[in-house]
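I opened my notebook for a browse through this model and jotted down what I looked up. Come along if you like.

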Amino acid sequence: MASKGLNSNLSDAKNSRQDEFYTQLPDIEREMKHYRKHFKGKTVYLNCDDPRGSQFFHYFSYNFEKLGLKKLIASCYKSQDVDLFSQKDAEQAVYLEYEGDRDGDRIPGPDEIEVKQFAGDGDFRSSESIALLKQADIVVTNPPFSLFREYVAQLIEYEKKFIIVGPKGAVTYKEIFPLVRDNKLWVGYGFQSGNAFFKTMHPTDYAKGVYDKERDLVKFRNVTWYTNLDIAKRHEEMVLFKPFSEERYPRYDNFDAIEVGKVADIPAGYSGIMGVPTTFLDIFNPEQFEIIGITTSYDGQQSKKYPKQIQVSPDGTTKVVGKLNDAPSMKVSEPVAGKTYYKIDDDIYILRFHRILVRLKKDTV
């Protein structure tokens, strides 16, 4: 199979459902240390993890007493093999239950882990998996990215606390953004230096630089952790020092907001709405900022709609499009050399990437 880039592979994963990426223990350890206070006396469910190969199961079983867990459950879809990667050719699956050390060695031995069999395939949407979900206090896993919307919807429906891995771009999904806006889901601490390493069933699908042959791992930079558990960084106030000026912060033509190209450039004392990059969610403190919306057509925040426009590419080719209605735009006096621009009659526009629309809360202005 020909090598492909990362974005292409994630797109392919959505289509082929070959989107199993097995999270590494160091990444799990680095994230979980921020949530330790939440685990005491709780039942943790790992519902998308091959229970005999999962590093999530390893982490929670070996730290069971240290975290003060009540119970640990792990399951996954159609897995009966003892190998790390099931080929999913069995219609039944197993799940594991662990309630702590019984022989005093603080090691989760085989005689202390109860193996049970599903009647069905172990899909997280099945009635059997949902019955286990109902027992759980906290769900921790790396779910299939192709089913991320559906997976999160189930967690919200059953009012579960969670710590899960997902694509960074999920914050712009029509089904996910309202949860972000309403403080029902937020970004965790993320992966070290933004690099997430995973085992995969399909290493040869990935280009050099994504797949590390020596480590037998793929590296993604566009994934992160999501949670609805309170964490310390949600209460850390961002120090704002940039002065506002109309020249530095131009207004969008189709949204009632100013453009802030970098999170570090959020102006101090500005009381209006600002369009900030989605990376803003890495530092979002709901005590300091209010999320108003997002610059997508589904959110209904646009202040105007455009007729069809002419897109002019850097090489001079043109075509009729409607892209100005899909993202924040700015009217400019002349195009920037080497950049795509859009024309409606004699007016010239440029587009920005999607922005989160935010406002400083009154008591912090």
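These entries cover a sheet, a core, a pocket and two backbone oddities.

**Entry 1: the sheet.** A note to self before anything else: this is a predicted model. I began by tracing an open sheet and found 5 strands in the order β17-β16-β19-β20-β18, with antiparallel pairing. Which strands stand at the edges? They are β17 (318-321) and β18 (329-332), and each has a single partner strand, so one side of each is left without a neighbour in the sheet. I then looked up the turn between neighbouring strands here, which averages 35° with direction ignored.

**Entry 2: one edge pairing.** I followed β18 to its partner. It pairs with β20 (residues 347-351) in the antiparallel sense, over 4 bridges. For a concrete handle on the register, I picked V332 and found that I348 in β20 is its bridge partner.

**Entry 3: the largest nonpolar core.** Which residues touch the most other members of this core? I found I266, M274, F280 and F289, out of 46 residues in the core. Next I asked where the members come from. At least two residues each are supplied by α5 (127-135), α6 (148-157), β7 (161-167), α7 (177-181), β14 (274-276), β15 (289-294) and β21 (356-360). The top contributor is α6, which gives 4 residues.

**Entry 4: the second largest pocket.** I looked up its volume and got about 330 Å³. It is lined by 14 residues, and those closest to its centre are K168, G169, V171, T278 and T279. I sorted the lining by class, which gave 5 nonpolar, 7 polar and 2 charged residues.

**Entry 5: positive phi.** Most residues other than glycine have a negative phi, so I went looking for exceptions. I noted N183, which is not a glycine yet has a positive phi of about 60°. N183 lies in the loop between α7 and β8 (186-187). Is N183 buried or exposed? Neither label fits: its relative accessible area is 32%, so N183 is partly exposed, as that class runs between 20% and 50%.

I also noted D345, another non-glycine residue, with a positive phi of about 55°. D345 brought me back to the sheet, as it is found in the loop between β19 (341-344) and β20. What is the relative accessibility of D345? I read 68%, so D345 counts as exposed, the cut-off being over 50%.

Terms used:
Residues numbered from 1 in each chain as written. Predicted model: local features only at pLDDT ≥ 70, side-chain atom pairs only at ≥ 80, totals over all residues. Heavy atoms only, no water. 1 Å grid on protein atoms, 1.4 Å probe; cavity = no way out; pocket = protein on both sides within 12 Å on 5 of 7 lines; lining within 4 Å. Points joined across faces, edges and corners; volume = space filled by probe spheres on them. Nonpolar A, V, L, I, M, F, W, Y, C, P; charged D, E, K, R; others polar. Pairing = 2+ DSSP bridges. Axes fitted to C-alpha atoms, helices over the stretch in contact; angles between N-to-C directions. Core = buried A, V, L, I, M, F, W, Y, C linked by side-chain atoms within 4.5 Å. Buried < 20%, exposed > 50% of the residue type's maximum accessible area, 1.4 Å probe, protein only.
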